[in-house]
Amino acid sequence: MASDSKSFVRRDRLLEIEVAVRKWWEDEGVFLAESRKDPPKTGEKFFATFPFPYMNGYLHIGHAFSLSKVDFASAYHRLRGANVLLPFGFHCTGMPIKASADKLSREIQRFGNPPVFTAEDDVKQAVEEEESDTPALPGQFKGKKSKVSAKAGGQVYQWEIMRSFGLTDSEIAKFQDPYEWLYFFPPLAVEDLRAYGLGCDWRRSFVTTDVNPFFDKFVRWQMRKLKSMGKIVKDRRYTIYSPLDGQPCADHDRATGEGVQPQEYTLIKMEVVQPFPLKLGSLEGKRVFLAAATLRPETMYGQTNAWVLPDGKYGAYEISETDVFILTERAALNLAYQNFSKIPQKPSCLVELTGYDLIGLPLRSPLAVNEIIYALPMLTILTNKGTGIVTSVPSDAPDDYMALHDLSAKPALRAKYGVKDEWVPSEIVPIINIPEFGDKAAEKVCLDLKIKSQNDKDKLAEAKRLTYLKGFTEGTMLIGEFVGRKVQEIKPIIKTKLIESGDAILYSEPEKPVMSRSGDECVVALTDQWYLTYGESEWRKMAEDCLSKMNLYSEETRHGFEHTLSWLNQWACSRSFGLGTRIPWDEQFLVESLSDSTLYMAYYTVAHIFHDGDMYKGSKSLISPQQMNDDVWEYLFCDGQYPKSSDIPADVLSKMKQEFDYWYPLDLRVSGKDLIQNHLTFFIYNHTALMASRNWPRGIRCNGHIMLNSEKMSKSTGNFRTLKQAIEEFSATATRFSLADAGDGVDDANFVFETANAAILRLTKELTWMEEVLAAESSLRTGPPSTYADKVFENDMNIAIRLTEKAYKDCLFREALKNGFYDLQAARDEYRLSCGTGGMNHDLIMTFMDVQTRLIEPICPQFAEYVWRKLLKKEGCVVKAGWPASNEPDLVLKGANKYLQDSIVLMRKLLQKQLLGSKKAAKKGAQVTAVADSNLKGLVYVNEQFDGWRAHCLQILQSKFDQQTNCFAPDAEILAELREILQKDGQAENFKQIQKLCMPFLKFKKDEAIAIGSQALNLKLPFGEMEVLKSNVDLIKRQVGLEEVEIYSASDPNDVGKAGPYASLLTQNPPSPGSPTAIFVNR
């Protein structure tokens, strides 16, 4: 095994097989996909894709896990006879490569070439690897790490990361040029994927960006088309922005914070009343405001004071010639990028302050009932959220109520912060009436929950949960010009009035921290940009219509898409820096990385005509990029008119059109669930906008992230494997096996090294077994299958074929592995044991090898191909061999065999018990029934039909079971009928005693019926127990270890008499249908 340093022989054999099989496939062009002239009928073709990976490093197990799903699915459809297209491209658009290249340049400038990093530098640069702090919105998927966060390693310096790739220092320096990355990593990825055994048509591979002039033309056409349809507009909007990069920072440009959106606040201007204290003396002549960010502008009527954090760091920032805002530096930076700074994008701090400097400032605040309110200390303010200044509305905010309560009730607290009594408001201002909470909701809920202080965070969180939403949806205003109106109605009106009057401004910041790949913390900026109008009502309806017709393989995935469609709005599709395609009508901008990757599945259908193995410029192409104008793309993909002016040869144009029409629509796209909130939804939107409904995508299958050995993947801890490392350590075959076994759902899966090692052992042992059997093929029993064991084994294979096929269809590959490999092997092992001296049937064993090889092929194709050609001597390749034929499974026979195997296990236990006697009884001095441990024979007693009170119970349950609802009548009704029947039988006086026996039996049978159906309530099993046991007496004797076994009926007095003195055991442990009783006596 790979983990055993003593021997790698087994793993190395698999690696040798993989090398040989790869050559067979490549020589024969097995995975080259060609369209056909006639349109495919349902099921005749299968087109599947995987989101092209980003090329700033090697492919790793995380990539392989998602990729394995589409690979296994494609292999299954290819095996069953479909014409399959599985292409693979490489994404290079956007900031990550450029950011890494720039980081290298900065390190060389700072530390030399090669750089020399000091310990002091390491301390300064050290960044703990952390999980993404992306918020999970309601209904939104949330894995343990975001995709982009998972890409980041524990190494700090880019140079060290490049060294970890195995590059020399002289090679690393070249990667200051971002285009070097494009030529270095994609070919390595191709090599790793070929070794992995990906069933890909490599002729269609390509890289993105303008390095590929054909793809560049394609993206330009797509953008022009969307703009002409009104789907791209220029707008001024709030967006997450990287000050260091000088441009918006989209999801895939982020190191942490994927999915984070701008959070909008109303920023209340609380004017500081003159004269100013000495600390603010330099601000004389200006209007100075404490700027408080709020999500609840309608509550400003209830302000009694403002809150500041005593130890907090604040500044007085110049917003304009006349206005100064006091807030945190972080908030000032966000405002500067929203045109609220005297110097655009550069906060100008006139005075540095602490919260202590602000305590006691007199303020005039808009809408407040009290003309003057004061700034007071609050100990729980977070300076990484909002502005660090908080308005206090103690009638409705539990936090405010308790902080005010603490100040009022604790003179020492006031003295500590120099708070004068007259600054502390004595009255709460009621502003909103909330059903169940009245007009002082915060006071009531704090009293109800027995909250003691402002530090009781958990209870305060619960108080807000109870009141805030109810206040918004059901609250009624008690004050101001909107008295009597619902809060929900007037909230936006009050917000607008405050802004129009100049008493407030709009302010946005990231809802959670976001770090760009360049290493700076992002802000929210108000930018002029090109936007895709996702969320527009008609377009959204089309997307929802497409989604409703798609196979999403799980309800959780469907809910994730529905939620994303409910909130997704305009998306900035342009960037100023990075790699990619220029916006064709505004070439100062580039198309961002999530906007050039929404329709490229269509490009795959014709990519081989451009590239044919050259993923960059298409040097072998008979067409030039200049020939691919908008009319040609329109003709190919959007049912446009034939481009008569095109000088592309007619036969080539016809071939390209045939390719697209044949392969589209896309049958399956597989991806991690984290892409639902962006890429996958954009993919749906773009297809519905640009393509006829017949070409809308048919299926998306999402999976979770993958852990290694139950722990998150982490380069810093060493719990990380590139795909190449996994193949070298375990072989591609065992890696694929473990990926299939890792998990099927949308929860995070687990790649277990022990599973991979066990697969190496199991698969190589299977090779040895097949070789040995085939070498001794003449010793196998000939003739048609005839024995009971033959029939059972044949039936087990039929069941495995059917169940495995269903699992593959449903993209449940762990289930396919269980049914098509583990269960099938268990059936084979049981068959070997059951055959005894008669031996195994030749035809069945040959069928088993054939079936097992086909069923495992989608998961372990190299292993299967080797067995197919070298051991089974079959013609052609297994990957296109066809799904194995099967007969309708005989579930009665399966049940009969389970009964037989369970009975054998039971007999072993009874024999052991009878040989040893009852230890407990012996200790108490009771008489023990025991026999000698030699010369025994087994008497097996069968009762094939329930009788007595058990029969009554089953008959009642039959009448009280609703097969449609799968439910029973109430227990009281069942027991009443049982009592009535027992009265007729004259057993009413024993009802309580019988009831004690009945209840467990009734519960067992009810549960069984709910699980498997009404057949569980039959008085007899659907097969003859006597017949099954009698026909397998030889097997029973071998398995139990007896020379003699006899099968008898417990309902036949003559048979019972043959038990002699041991007949009492039949009374102590009476047999019942499905549960025979064995007695062991001397011969």
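What share of the contacts in the protein chain with a separation of 6 or more comes from residues 24 or more positions apart? In this predicted model, such residues account for 77% of those contacts, and that figure offers a starting point for reading the fold as a whole.

The protein chain is built with 38 helices and 31 strands, and its C-alpha trace spans about 115 × 90 × 60 Å along the principal axes. Of its 1083 residues, 56% count as buried, while the area that the chain exposes comes to about 45800 Å², with carbon and sulfur atoms supplying 50% of that area.

From these totals for the chain, we can turn to one pair of helices. Helix α26, which covers residues 788–809, packs with helix α30, which covers residues 891–916, at an angle of about 120°, and the axes of the two helices lie 10 Å apart. Because an angle of 65 to 115 degrees would count as roughly perpendicular and one over 145 as roughly antiparallel, the arrangement makes α26 oblique to α30. The crossing of these two helices, α26 and α30, is left-handed.

The residues that form this packing can be followed on each side in turn: α26 contributes Y788, K791, V792, N795, D796 and I799, and these meet L893, K894, A896, N897 and L900 in α30. Divided by character, the residues of the contact of α26 with α30 comprise six that are nonpolar, two that are polar and three that are charged. Among the residues of α26 in this contact are K791 and D796, whereas K894 is one of those in α30.

Key:
Residues numbered from 1 in each chain as written. Predicted model: local features only at pLDDT ≥ 70, side-chain atom pairs only at ≥ 80, totals over all residues. Heavy atoms only, no water. Axes fitted to C-alpha atoms, helices over the stretch in contact; angles between N-to-C directions. Helix = DSSP H or I, 4+ residues; strand = E, 2+ residues; numbered from the N terminus. Parallel < 35°, antiparallel > 145°, perpendicular 65-115°, else oblique. Left-handed = near helix turned anticlockwise from the far one by under 90°. Contact = heavy atoms within 4.5 Å. Nonpolar A, V, L, I, M, F, W, Y, C, P; charged D, E, K, R; others polar. Buried < 20%, exposed > 50% of the residue type's maximum accessible area, 1.4 Å probe, protein only. Areas by Shrake-Rupley, 256 points an atom, 1.4 Å probe, with all protein chains shown as cover.
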